[in-house]
Amino acid sequence: MTAVAAPLSGLRRSSPFHIPDRRKPCKTCVFAVMKDGSVASSATEGDEGNSSSFHTSPKFPQLEMSSNQSNLAPKILKIDASYDGSNFRFDRPQPSDEEGNWKHTRAFGRFIAREALLNEELWAAAWLRAECHWENCSDVRYPGIYKRQFANKEFDAIKKRCSAQQAEKCICIVAVKKDDKNSKRTALSSIIGTLDLSIRQLLVGETFPLERIKQPAYCSIYQADQPKYAYISDLCVSKHYRRKGIAKNMLLLANEAATTYGIKQVFVQVHRDNTGAQKLYDQIGFQIVPEADRRLVAENRHLLSLQI
């Protein structure tokens, strides 16, 4: 379509100008940002009928899934805080007694309490803690999102604690279901209970834990002559397996593991309103620490200790 301006007196004829046809297809460009940061593009131009395909980009690691049972032989992984998830498998079976080579284990009934070795077991323990943490929060919208965030943070925290080459050593103890004769469970579906056992050292001026928190003036330097103690935390059991002695046997295993490090005293915190947990600790022999109890009133907690 061409439009020509009408000649006016005293003016020259203006040069014609063209109005582009809006029905003409425009060039379309599509860009896709890949996970590794590369960009793949595709350009099409309708009037010429030419098209180009996406440029190939490097593939990013994907989760390895295998349906061949002969390829599912578990490989014990070293717990590493820099773990990137590339060797994480949802179908990895839990290791057998010969493959595990655990230092600390306790069998009771249809269950076994032992230390966690696989990254899949650490993730299952973190997810179980997230389930227990948000168990009574029925008024929260979309609890699954918060559980996932909690589990991710706890997973990273467990790996760092268990891989730390410091004066404080941490062991993640889990309770697992024994395999049936005709079936073998995965590591993710076997965890039904968990707790953390930390081997710590009193700081200069401390007589029991928590003084470094309540009295920041204490020296925070480790000394070789300071006594060591064990601290139990994050004890939880799946709600479908409670009242079966799982928590008690995990605590007994934690006490046995603490003795192998020369520990003579174990500490644990408990909510004042959690009467069930208090009865359990009382059966094992834990007693309230009076000096710490007065300082934990505002936090609604008890500090318990056990001589082993």
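Which residues of the largest nonpolar core touch the most other members? The views below are taken from a predicted model.

**View 1. Residues of the largest nonpolar core.** This core has 33 residues. Those that touch the most other members are Leu195, Leu197, Ile232, Ile246, Met250, Tyr281 and Phe286. Two or more residues of the core come from each of the strands β7 (111-115), β8 (169-177), β9 (191-201), β10 (228-237), β11 (265-271) and β13 (301-307), and from each of the helices α6 (246-259) and α7 (275-284). Helix α6 gives the largest share, eight residues.

**View 2. Contacts of Met250.** Neighbours within four places in sequence are left aside here. Met250 is in contact with Ala113, with Ile173, Val174 and Ala175, and with Gly193, Thr194 and Leu195. Its contacts also include Leu235, Cys236 and Val237.

**View 3. A second nonpolar core.** This core is separate and has 20 residues. Among them are Ile112, Leu122, Trp123 and Ala124.

**View 4. Asp234, a residue with a positive phi.** Asp234 lies in strand β10. Its phi is about 55°, although Asp234 is not a glycine. With a relative accessible area of 37%, Asp234 is partly exposed.

**View 5. Asn300, a residue with a positive phi.** Asn300 is found in the loop between α8 (290-293) and β13. Its phi is about 60°, and Asn300 is not a glycine. Why does Asn300 count as partly exposed? Asn300 counts as partly exposed because its relative accessibility is 28%, and the partly exposed class lies between under 20% for buried and over 50% for exposed.

How values were computed. Residues numbered from 1 in each chain as written. Predicted model: local features only at pLDDT ≥ 70, side-chain atom pairs only at ≥ 80, totals over all residues. Heavy atoms only, no water. Core = buried A, V, L, I, M, F, W, Y, C linked by side-chain atoms within 4.5 Å. Buried < 20%, exposed > 50% of the residue type's maximum accessible area, 1.4 Å probe, protein only. Helix = DSSP H or I, 4+ residues; strand = E, 2+ residues; numbered from the N terminus. Contact = heavy atoms within 4.5 Å.
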